[in-house]
Every structure is written in C-alpha cells, then in structure tokens.
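Work through the exercises below with the sequence and the model side by side, and attempt each task before reading its solution.

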Amino acid sequence: MPGRREFLAGGGALVLAFSLSPRAWAQEAHGDAGKGPKLPGSLSKTPLLDSWIRIAADGSITVFTGKCELGQGVRTALQQIAAEQLAVAFERVAMVTADTALTPNEGFTSGSNSLKDSGTAILNAAAQVREILLAEAARRWNAAPGDLSARDGFVTGPGAQRLGYGDLVAGQSLHVQAKPQSPLVPASAHRVMGKAVARVDIPAKVTGGEAYVHDLRLPGMVHARVVRPPQPGATLRSLGTAPAAAMPGVLKIVHDGSFVAVVAEKEFQAVQAMRALQDRAQWDSPPMPPADIHAHLASLGSDDTVILDRTGQGGGGTSHEAAYRRPYHLHGAIGPACAVALFKDGELTVWSHAQGMFPLRDAVAELVGLPKEKVRCIHREGSGCYGHNGADDAGGDAALIARGFPNRPVRVQWMREQEHSWEPFGPAMYSRSRATLDSGGNIASWEYDVWSNTHSTRPGNAGSLAAGMLVAKPFKPPPPRPIPQPEGGGDRNAIPIYRVPVARVTSHFIPRMPLRVSALRALGAYMNVFSLESFMDELSLLARADPVEFRLRHLDDPRAVDVVRSSARGFGWDAWKRTPGHGRGFAFARYKNLAAYCAVAMEVEVIRESGEIRVGRVHCAIDSGEAVNPDGIRNQAEGGVVQSLSWTLREAVTWDEKKITSRDWGRYPMIRFPHVPRSIDVEVLDRPGQPFLGTGEATQGPAAAALANALCDAAGVRIRDIPFTADRLKAVFRS
Amino acid sequence: MIRLQVNGKAHEVDVDPATPLLYVLRNELALNAAKFGCGLGQCGSCTVMADGEAIYSCLTPVSALEGRHIVTVEGLGSAERPGPMQRAFIEAQAAQCGYCIPGMMMRAQALLEKKPRASADEIREALEPNLCRCGTHMRILRAVARAQELMGAK
C-alpha cells in the first residue's frame with residue numbers, strides 16, 4: 001500500500017531531506033495529551049510538524065490536512081494560511097487532503113471546525129517551520145536569526161547570502177514537536193491571508209476536469225448499483241435474480257441478507273440490471289411512524305438534561321409562550337452518493353466523498369472483516385453533502401462489493417430515489433419557549449425546552465453503514481447519544497445569548513428514532529435559532545420595541561453588538577419604508593454560542609391569494625474571526641441563506657403507511673431560481689489576529705428566523721411550523 | 001454502432017441504443033462535465049446542448065441523437081483556455097461544490113446563443129429547471145450576466 005514515503009517520492013521530490021520514524025507513519029492520535037500546555041488546533045492530537053508540512057530537497061512544499069474539501073473552499077483557505085506563514089507564493093504550496101495513508105487524522109470535516117482545527121494547526125506549524133529554517137540558516141552563517149528574512153522559498157542573510165528552503169531542511173529538522181506558540185506573520189504584513197484568493201478547485205469544475213469521485217475512471221473499473229429496500233428497517237423477503245443475471249454485461253449479483261447489488265461492465269447495464277432486480281424484489285417493511293410525527297416523538301420518552309439553570313429575581317410582568325416545530329429535512333445532494341473501491345493483494349482502497357476518512361476506514365474494516373491497516377480511505381470531492389448523507393453508506397457499499405469482486409475497481413453510485421429515501425435525515429424537532437417581561441419591557445425570565453433525536457449517527461462502526469444494517473449478519477449500530485454542551489446537538493444554540501436574569505433551558509433527548517437521522521448542517525442550531533429568534537421578535541412586539549433595538553438592549557458581547565448593528569445598517573433597517581404586503585425581519589445568533597456571529601435582515605412580499613412568499617433583499621453580517629478568504633466566507637454565507645430559505649419555505653420528508661414518499665425532487669421540492677432572493681449582500685467583519693471561528697453553519701438559523709419575522713411583519717401572522725408552504729399559508733390566511 | 005457528433009468531433013460508440021446520452025458522454029467518451037443527478041429530468045445537472053437546445057442527457061437515448069450536434073462544457077473551452085462562459089464562472093467564483101454548475105452553464109449557453117441580451121429576469125426563468133443545493137444561485141446569476149459581457153452582448 002503506498003504510504004507517505006512512496007507518495008512523496010512519486011510526487012517528484014528528488015531526495016527526502018529527512019527520514020521518517022515509524023511513529024510519523026502512524027498518523028493516529030499520538031498526542032502529548034496531559035504533557036505541557038495544549039497545542040493549537042489539531043496539533044494537540046498530531047503534534048509532529050512533519051505530519052503537516054514536508055519540504056523536499058528541491059524546495060517543493062507539501063501541506064497535509066485531515067480535513068476534506070466539500071465545496072466550502074477549505075483547501076484554498078488552508079493553502080493560503082500555509083503560504084502566508086511559510087513566506088512563499090500561494091501557488092508554491094501543494095495540498096494533500098484527508099487520506100488515511102498520508103494525512104493527520106482530524107476526524108470529521110464538520111461543525112464549521114476546519115479552520116479552527118486544521119487552519120490553526122497549519123498556521124502554527126508553518127510559522128514554526130519558518131522559524132526552524134531561519135534558525136538553521138543563522139547557524140550556518142553564524143548570524144543572528146533576527147537579521148535574516150524568509151521569502152519566496154529562500155532565506156536571505158545580512159551579507160546577501162541565500163539558501164533555498166530545500167537546502168535548509170536537514171535530517172530530522174521538521175520531525176519535531178509543535179510548540180504552543182510560534183511567531184506568526186503579523187496580520188499587518190499579510191500578503192495571502194485575508195485576500196479573496198480564487199478557489200483552486202473551480203477551474204476543473206467548470207471545464208470538465210476530473211473533479212469528483214464520480215469522475216474517477218480507473219483502469220479495468222466496473223460499475224455497480226445497489227438494490228435497496230424502500231427505506232431503512234425494511235428487509236428482503238424474496239429476490240429473483242435469473243433475469244438480471246442473464247442481462248448483457250452483468251458480471252455478478254451480490255446477495256447477502258437484505259444487501260443486494262449488481263456489478264456490470266458498463267454503467268447503464270448495471271442500472272438496467274438493478275431495475276430488473278428491483279422489479280422482482282419483495283420487501284417486508286415495518287410500519288412507518290404516524291403522520292403527526294411530533295406527537296409521536298413526544299410519546300417515545302426522553303432523557304432530560306437541564307443545560308442552563310440560572311435562578312434569581314424574576315418572573316412577574318407580561319408573560320408569553322410559544323411552540324415551534326420542524327420536519328425531517330433531506331441533505332439532498334444534487335449528485336447521489338458515489339464511491340470507488342478496489343480490493344487487491346489483501347488490501348482494500350476506498351475513494352469516497354464522505355466527511356471523515358478515518359472513521360469511514362474503521363467502519364469499512366469492521367464491515368469487510370479486514371484489519372484497519374489493510375484499509376485505506378482517500379477523500380475525493382463529491383456533490384455537496386451538508387452533513388452525514390449517503391456518502392459513507394456508498395463507501396461501505398463499494399467496499400463490500402469490491403471485497404467479493406477483487407482486482408478490479410468497483411464504482412457505485414446511488415440512484416436518486418435511494419438518496420432521497422436512505423440518506424439519514426435531519427431530525428424532526430419541536431420546542432417550547434416561555435418568558436416574562438418586566439415593566440420596562442426587558443426580559444425578566446426565560447424558559448426553553450427542546451425535544452430531539454440524536455444529531456449524529458456517523459460511522460466509526462459498521463453498524464452505522466447501510467450495508468452493515470442490511471447484511472445477513474447485521475452489525476449493531478452503537479446506541480444513539482446526545483452531543484454534549486457546549487457545542488450540543490439537538491440543543492445546539494438552545495441557550496440564549498441574551499442577558500436574562502432568570503433562565504432555565506432543558507434538553508429533551510429522545511433516544512428512539514422513528515426514521516434514520518444524523519447530522520444535517522447546523523444540527524439543532526437551525527431549529528433552536530429559529531425558535532429563539534422568532535420568540536425574541538414576538539417579545540419585542542409585546543414590549544412595543546423595535547426588534548433590532550430589543551436585541552441590542554439584551555446583548556453584552558461587543559462583537560455580537562457589532563454584527564447586529566452592521567446588518568441593520570447594511571440593510572437600511574431604520575430607513576425602511578413599509579408598503580402593503582411587504583415586511584422586514586431580523587435575526588441574530590452566535591453559532592454554538594462560541595463560533596461565528598451572524599445577523600440576517602431581509603424583506604419579503606407576501607401574496608395572500610397564492611400563499612407565496614417572495615424574498616427580496618437580504619443582508620447578512622458575519623464575524624468568523626480572522627477572515628482567511630473573505631470571498632469564501634461570502635460564498636458560504638450566501639449559500640447558507642439560500643439553503644435555509646429552501647428548508648424553511650418548502651421542504652419536508654413525507655411518508656405513508658408503507659414507505660417514504662418524498663423519493664425525488666418532484667415530491668420533495670426545493671427552491672428554484674425564480675424564488676431565490678432578489679439579492680444577498682454579505683458583509684464580512686474581519687478580526688485580524690483573532691481565532692478562526694468557522695463559517696459554514698452560521699447563517700441557517702438566523703436566515704430561517706429572519707424569514708419568519710419578515711413574514712409576520714408583512715402579513716400579521718406568526719408561523720411557527722416549518723415549512724412555510726403556500727398551502728399552509730393559504731390555510732392560515734383563510735382562518 | 002451509433003454515430004455521434006460531440007463538441008465538433010465525430011464518434012462511433014458501441015452501446016445499447018437505449019443508453020441515455022449521459023452514460024455515453026461520461027463513460028465512452030470520458031467527458032466529465034455532465035453529471036448524473038436524478039435520472040428524471042428534475043435537476044438539470046446532466047444538461048447539454050443538442051443543436052443549440054438544452055436537453056437532459058440523462059433522459060435522452062443516444063439513438064435519438066444521431067446526426068445532431070452535441071455540445072458539452074468541454075466544448076466551451078478548457079482549463080488552459082476557458083471560453084467566455086467558463087471565464088465568467090471563474091471570475092464570479094460561481095461554485096461551491098460545483099456539481100450542478102456544468103448543467104447551469106449549458107442551459108445558460110443555450111439561452112445566450114438564442115437571446116444574447118436576455119434580461120436578468122429572463123435568465124432566472126431560463127435556469128428554473130436546474131437545481132443547486134449549495135445555494136450558489138446569486139453567483140450563478142452574476143456569472144451568466146458576466147458571460148453576456150464577455151460574449152459582447154452587453
């Protein structure tokens with residue numbers, strides 16, 4: 001199996017300037033936990049510098065990250081950080097992303113944590129490497145390091161001496177422990193960080209380059225399709241394989257319990273054989289949950305945790321109470337899940353667009369019965385995932401098929417209805433808010449309850465993969481667990497950021513899952529911010545206060561205040577002129593109460609006859625800490641707003657007594673061009689020198705609540721049930 | 001054997017005539033741009049042009065395309081020499097995951113070849129069949145407007 005050494009030799013490096021100890025090969029968490037101060041970002045788990053940065057004798061620089069490019073632009077941002085701190089041109093840095101044979105194990109690319117984890121690690125590691133290069137040159141020239149400078153891959157001395165980085169790395173010089181602090185290039189001197197560098201992945205994507213795992217075309221590759229039960233939980237009763245087996249190009253039919261797949265020479269042959277198998281497959285389906293899913297969830301029992309209990313003087317005054325609900329949502333990747341796997345010489349390689357190559361490796365190894373060392377998972381981009389979708393499952397499918405069909409690469413892609421019915425959904429949730437206002441119109445007491453399933457059934461275990469659930473001897477999935485505070489899962493952002501003297505927040509974790517669920521972008525924060533920020537608007541109306549001013553008077557954090565003020569100013573909140581049928585809405589949150597600050601203001605027009613909501617101008621202000629790539633932040637924020645509007649306006653998973661019915665885009669409609677906002681302006685509040693806070697999940701909650709608040713402002717009705725479909729609105733307007 | 005004219009080049013492919021064009025483009029001709037999204041004509045990620053019209057390559061059997069001029073994103077230029085539509089998408093950084101983007105570009109190309117001065121609202125309407133899950137819509141609209149400029153229509 002190719003490892004780091006082979007990779008680098010094959011990558012054009014002439015001679016390795018330093019050797020690797022076996023310890024550096026094992027990229028597992030061999031951290032120095034408990035010894036000394038905590039190292040920055042993911043250096044705390046992978047502290048050796050040469051796990052992150054390699055400089056070959058010819059001066060070529062390779063930077064390794066355990067995070068994946070998901071279309072969020074992280075590859076470009078990490079490359080900017082490395083180039084800045086290594087004092088080289090952006091193009092001089094080659095990035096290697098998540099690969100169990102090559103890169104640090106940074107778990108999942110999730111939670112808006114990539115810049116915080118990997119960005120912080122590379123920032124500090126690169127700064128330390130630059131320091132090591134300067135020190136080595138100083139030693140050779142018998143000069144003071146302060147008299148030297150590093151630039152464009154060379155260190156220059158006071159007497160115009162010059163040495164390339166490749167000449168300066170010697171022996172084990174980068175095979176050293178990271179330091180807690182290294183001298184960073186100051187923000188005032190940045191050439192690459194903070195600039196809107198063009199994304200490195202876009203040219204291939206717009207010219208038909210090999211950009212995705214879907215595009216891998218390995219020698220001798222065959223095509224497979226899986227035949228899936230109508231939804232998770234159903235089992236195979238009977239299968240007729242003869243017609244499919246006789247079809248042209250069919251090489252193998254895989255049948256292991258309820259796991260059914262077909263391998264063919266050509267892709268469309270696999271599709272046709274899959275349909276033939278599907279036509280003859282009969283399934284036993286357990287009953288589907290009742291249509292009133294929230295009442296059903298309430299009947300399942302919950303483990304309750306009080307996550308905020310602030311006692312004091314409060315109560316009295318005007319009181320208000322409200323309840324909110326959200327349905328199951330799809331991730332809804334445009335490209336169904338895909339993976340390629342090759343089993344050869346006792347070793348299995350899986351190319352996958354899942355978010356965590358190391359957890360997938362562990363799950364796949366268990367699934368196919370190989371030791372972990374014999375399984376390598378390599379990330380390749382896929383269609384955007386927005387959380388735990390079918391990508392891991394497809395990796396498991398490809399692995400299991402390839403294990404029984406050795407020596408030829410097997411490419412599996414799901415069909416649309418498989419993605420729509422088998423991906424783990426974003427969980428349905430409900431919540432209840434209560435508060436009292438004092439005589440001055442300020443919040444005196446606050447109570448909030450939220451009910452939810454888990455927001456992560458991610459792999460690590462074979463029982464978390466679809467194939468692991470379906471095989472004749474199924475693997476047991478681990479029991480569902482809540483993600484603890486302060487990040488939280490179902491209770492993410494359930495704790496108010498606002499100043500409230502008396503508060504009690506309870507997280508009701510429902511272990512039993514009527515439908516398969518897992519992480520969808522922002523997890524519970526989408527629902528909790530929707531609830532809290534709708535409720536704040538309701539309270540501001542009771543207090544006869546302007547919604548923006550009402551928020552500001554309850555905010556202490558100056559960065560929160562800045563973001564709220566910026567969005568209000570950018571939108572033109574105070575100068576806004578009301579016209580019939582139009583309304584404006586505002587919402588704010590700090591993601592997880594510890595990451596990016598984001599405020600959204602928007603205007604809508606409501607057409608009462610049709611129940612349609614037209615979104616006009618949107619303004620979003622965001623503080624993601626130090627902005628590595630401001631245009632990347634804008635792109636993510638714009639996208640987050642539109643995606644949240646689609647969830648909130650239109651989307652809900654549906655089912656009948658027998659099966660999931662929202663099996664395609666016709667029955668699970670998402671937003672289309674004519675209905676996206678007229679404009680979205682994103683204002684990035686850069687905080688040079690401050691920690692990276694991440695971006696990808698900051699906007700979904702505020703966008704949903706701003707929409708609800710604008711709708712109420714325009715039409716005088718408060719909608720607390722997602723989605724705000726035209727049918728729902730028409731019914732509300734009629735009553 | 002089925003004769004196809006793709007991006008100005010003649011090809012002969014030995015496939016079941018019922019095979020949708022998409023599989024032929026991707027697997028027989030090794031053209032990556034058109035993507036499988038739904039196989040149902042609901043998302044547009046497979047969009048290519050046939051005789052100037054945007055079509056769903058996931059639904060159109062290859063036998064129906066003999067003698068017609070098919071254009072894919074690969075026919076608009078290359079990474080080294082991007083054409084106006086491609087340059088516009090790069091300039092506008094109009095992609096997140098990018099999976100839907102080739103379909104967007106082909107639908108926009110078909111529109112602008114017919115109607116170079118299409119208005120902003122006409123562009124929105126024309127792109128209606130194509131889905132983007134990342135929410136890159138605003139940038140895609142900017143990119144198409146920029147393509148109009150680069151093509152000299154504005």
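**Exercise 1.** Find the residues that Ile622(A) touches, leaving out those up to four places away in sequence.

Solution. Taking two residues to be in contact if their C-beta atoms, placed from the backbone, lie within 7 Å, one finds that Ile622(A) touches Val563(A), Ala596(A), Tyr597(A), Cys598(A), Ile633(A), Ala637(A), Val682(A), Val684(A), Leu685(A), Thr695(A) and Ala698(A). The model is predicted, with local features requiring pLDDT of at least 70 and side-chain atom pairs counting only at pLDDT 80 or more, whereas totals for chains, interfaces and linings use all residues. Residues are numbered from 1 along each chain as its sequence is written, while chains are lettered from A and ligands numbered from 1 in the order in which they are written.

**Exercise 2.** Compare the expected span of helix 17 of chain A with the distance between its end C-alpha atoms.

Solution. Helices are DSSP runs of H or I with at least four residues, and strands are runs of E with at least two, numbered from the N terminus. The expected span is 1.5 Å times one less than the number of residues, so the 21 residues of helix 17 (residues 630-650) should span 30 Å, in agreement with end C-alpha atoms that are 30 Å apart.

**Exercise 3.** Determine how strand 14 and strand 17 of chain A pair.

Solution. Two strands pair if DSSP finds at least two bridges between them; strand 14 (residues 338-344) and strand 17 (residues 410-413) of chain A do so in the antiparallel sense, over four bridges. Cys338(A) stands opposite Gln413(A) in strand 17 of chain A.

**Exercise 4.** State how many residues each chain gives to the contact.

Solution. Chain B gives 50 residues and chain A gives 48 residues. Helix 3 (101-114) and helix 5 (137-150) of chain B are among the elements that give two or more residues to the side of chain B that touches chain A.
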